[in-house]
Amino acid sequence: NLRLKEENEQLKLEALSAKQTAENYRSLRSSLGEYAPRLDQVLAQVLVTPERAPFDTVIVDLGKNNSTRPIVRGHIAESGGVVLGEVVEVYPYSAKVRLFSSAGLELPVVVGPSKIPATAIGRGGGNFIASMPRGVTVALGDLVTVPALGERVLATVGAVDNDPEEPLQKVYLKSPVNLFTLNWLWINAR
């Protein structure tokens, strides 16, 4: 009877472990979809999301000692083809990624199919603002890309404040990735 109780407890633990593995797999599949990674990318699990980390950062589970490719400062993090941030600190078993949307962080971008140059200024939580001449046509949903990162997508145009009294229009940008539900991301370990 005692042996059966021990066996029952062991089976419960194995079932719980299998359930957790299945949940991780579902989370991974929903985050990645059918995305095919490049050879220079490594997959990292997000340990701490922006609402629990200070200053619009995330902590991932890859570091100096536990990655198939060395993770170093300056590597770019992305999810679903959208660039999210840059590795700023690397520890033995984790790394800190500062999101491009960090408040006050400036990034040269181009907006829309006409590739209008602008500067995206981080406002936190995946949001940015850019100022552009009032006569420039910008449409909701236009893609915002980063030329320095090979024209990778950073955000989309979410709103435009075109006050006729002002010489510049304010363009509000948002990341297409929900940073607060982010479970996995790719580190471009070039």
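## Strand S6 and its two partners

In this predicted model, Val110 has Thr145 as its bridge partner in strand S9. Strand S9 covers residues 143-146, and its pairing with S6 is antiparallel, with 2 bridges.

Strand S6, residues 106-111, also pairs with strand S7, residues 116-124. This second pairing is antiparallel as well and comprises 6 bridges. Two opposite positions illustrate the pairing: Val110 faces Pro117 in S7, and Pro108 faces Thr119 in S7. Val110 therefore has a position opposite it in S7 and a bridge partner in S9. The connection between S6 and S7 is a hairpin with 4 residues between the strands. Within that turn, Gly112 has a positive phi of about 75°.

## Strand S7 and the hairpin to S8

Strand S7 continues the arrangement on its other side of the sequence, where 3 bridges join S7 to strand S8, residues 127-133. These two strands run antiparallel, and Gly122 stands opposite Phe128 in S8. The hairpin of S7 and S8 has 2 residues between the strands, and Gly125 in this hairpin adopts a positive phi near 65°.

The side chains of a regular strand alternate between the two faces of the sheet. In S7, one face is covered and the other is uncovered. The covered face consists of Ile116, Ala118, Ala120, Gly122 and Gly124. The uncovered face consists of Pro117, Thr119, Ile121 and Arg123.

## Salt bridges

Side chains of opposite charge can pair when their charged atoms come close. The structure holds 6 salt bridges. One of them joins Glu78 and Arg152, whose closest N and O atoms are 2.6 Å apart. Glu78 belongs to strand S3 (residues 76-79) and Arg152 to strand S10, so this pair ties together parts that are 74 residues apart in sequence. Both Glu78 and Arg152 are buried.

A salt bridge also forms between the side chains of Glu86 and Arg98, with an N to O distance of 3.9 Å. Glu86 lies in strand S4 (residues 82-90) and Arg98 in strand S5 (residues 95-99), 12 residues apart. Glu86 counts as partly exposed because its relative accessibility is 25%, a value between the limits of 20% and 50%. Arg98 is likewise partly exposed, with a relative accessible area of 31%. A further salt bridge connects Glu89 with Lys96, the closest N and O atoms being 3.5 Å apart. Glu89 has a relative accessibility of 32% and counts as partly exposed.

## A patch of negative charge

Which residues gather in a patch of negative charge on the surface? They are Asp161, Asp163, Glu165 and Glu166. Asp163 is located in the loop between strand S10 (152-161) and strand S11 (168-174). With a relative accessible area of 30%, Asp163 is partly exposed.

## Thr49 in a loop

Thr49 is found in the loop between strand S1 (41-48) and strand S2 (57-60). Is Thr49 buried or exposed? Thr49 counts as buried, because its relative accessibility is 11% and the limit for a buried residue is under 20%. The C-alpha atom of Thr49 is separated by 14 Å from that of Ser101, although the two residues are 52 residues apart along the chain.

Notes. Residues numbered from 1 in each chain as written. Predicted model: local features only at pLDDT ≥ 70, side-chain atom pairs only at ≥ 80, totals over all residues. Heavy atoms only, no water. Patch = residues over 30% accessible without salt bridge, like charges linked within 9 Å, V, L, I, M, F, W, Y side chains within 5 Å. Areas by Shrake-Rupley, 256 points an atom, 1.4 Å probe, with all protein chains shown as cover. Salt bridge = Lys/Arg side-chain N within 4 Å of Asp/Glu carboxyl O. Lys, Arg positive; Asp, Glu negative; His and termini not counted. Charge placed at Lys NZ, Arg CZ, Asp CG, Glu CD. Buried < 20%, exposed > 50% of the residue type's maximum accessible area, 1.4 Å probe, protein only.
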